[in-house]
Amino acid sequence: MVLRWSVIGAPSSAGARTPGVDRAPAALRAGGLLAAFDDRGISVHDLGDLPGFRWRPDPSRPNAQNAGAVLRMASDLAGVVATAPGMPLVLGGDSTATWGLVAGTGSPALVYIDGTPGLHTPETRPAGNLSSMVLAHLLGLPGCDLTLAAFASVLPRRVVLYGEDLPVDDPQLSVADRLRLSRITANEVHAGPAKSAARARFTVEDAAEHFVVHVAADVLAFAHAPYADEPQPGGLSLQELTGTLAVLTASPQFAGLALTNVNPDHVPDEPALAPLIEALAAGLA
């Protein structure tokens, strides 16, 4: 059987607003993720977890909390991604895990599947959680932490925002418009999931030789995803996510995926993650 995926755990909530997502890699494994792949005949090699970090307040960097821990995790992750056999499947942690995926795969395009576009900066995000600034740092926006911005980068024309569900007056959307980022909103996905996924795939295939996918559980509608760290009320259904992933991962230019922002602290027991696990296994088969 040809090796399909290398699973890499990044159990860190350093970039989050509170702890919880650092438990996601262990909870997803305990909930049966690897078994779900095996049931579908998908070859998986589990590379285990990197050293973890549990969120804590960082008064020394109130606008970019735990930046050092975030950078260490991203750097360690990039090294494993770069040498992993098979396709890297990163189990975060918070959304900063995507920096490690981008750095480890080298100048990819990026489909950013998230309820929010991650375009805050330390100057515009008083909470200081770096997981809300992931794309801003990848794009090197003014006001970003220079060390983090230098670690990994992506060009605006290589980015597709997918599934965001924000009010039209949200300032992040003004940034996206100014940068001319491709956008496929949650409402567009609801209206035509297959068409939306195909459009995202075409855009990134045309923009670069390879692309990676960021998936935050926050893109899912709260009613269907109580495990999401910061869920969106009008987000995607699990079926829409499965269909999207099936289209993207079938591309010969697909180079890896990071799943982030699953918070086991929001659900009483691991079986509550079963619908998400089944959706992922179906989409990544």
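Contact here means heavy atoms within 4.5 Å. With that in hand, let us walk through this model, which is a predicted one.

A good place to begin is Thr105, a residue of helix α4, which covers residues 97-105. If we leave aside the neighbours within four places in sequence, Thr105 is in contact with Val81, His210, Val212 and Ala255. Thr105 has a relative accessible area of 18%, and because buried means under 20%, this residue counts as buried. Its side chain also has a polar partner: one of its polar atoms lies 2.8 Å from the backbone oxygen of Leu101.

From here we can turn to the sheet. Eight strands make up an open sheet with parallel pairing, and their order is β2-β1-β3-β8-β7-β4-β5-β6. The edges are taken by β2 (44-49) and β6, each of which has a single partner strand, so one side of each is left without a neighbour in the sheet. On average, and ignoring direction, neighbouring strands are turned by 15° against each other. Look next at the pair β3 and β8: these strands run parallel and are joined by three bridges. In this part of the sheet, Leu91 stands opposite Leu259 of β8.

Following the chain from β3 brings us to an unusual peptide bond. Gly92 and Gly93 are joined by a cis peptide bond, with omega at about 25°. Gly93 has its place in the loop between β3 (87-92) and α4, the helix that also holds Thr105.

Another loop to visit is the one between β2 and α3 (67-83), where Asn66 is found. Is Asn66 buried or exposed? With a relative accessibility of 6%, Asn66 counts as buried. Its contacts, apart from neighbours within four places in sequence, are Ala14, Phe53, Trp55, Arg56 and Asp58.

Now for the helices. Helix α9 lies across β4 (109-113), β5 (159-162), β6 and β7 (211-216), and runs at about 160° to β5. Two packed helices are described by the angle between their axes and the distance between the axes. For α9 (residues 193-207) and α10 (residues 238-249), the angle is about 35° and the axes are 9 Å apart. Their crossing is right-handed. On the α9 side, the contact is made by Pro193, Ala197, Ala198, Ala200 and Arg201, while α10 brings in Glu240, Thr244, Val247 and Leu248. Sorted by character, the residues of this contact are six nonpolar, one polar and two charged.

Two backbone details round off the tour. Arg180 has a positive phi of about 60° although it is not a glycine, and Asn261, also a residue other than glycine, has a positive phi near 65°. Where do these two residues sit? Arg180 is in the loop between α7 (171-179) and β6 (182-184), whereas Asn261 is in the loop between β8 (254-260) and α11 (274-283). Their surroundings are worth a look as well: Arg180 is exposed, with a relative accessible area of 75%, but Asn261 is buried, with a relative accessible area of 5%.

Methods
Residues numbered from 1 in each chain as written. Predicted model: local features only at pLDDT ≥ 70, side-chain atom pairs only at ≥ 80, totals over all residues. Heavy atoms only, no water. Axes fitted to C-alpha atoms, helices over the stretch in contact; angles between N-to-C directions. Helix = DSSP H or I, 4+ residues; strand = E, 2+ residues; numbered from the N terminus. Left-handed = near helix turned anticlockwise from the far one by under 90°. Nonpolar A, V, L, I, M, F, W, Y, C, P; charged D, E, K, R; others polar. Buried < 20%, exposed > 50% of the residue type's maximum accessible area, 1.4 Å probe, protein only. Polar contact = N/O pair within 3.5 Å; in protein donor to acceptor, adjacent residues only side chain to side chain. Pairing = 2+ DSSP bridges.
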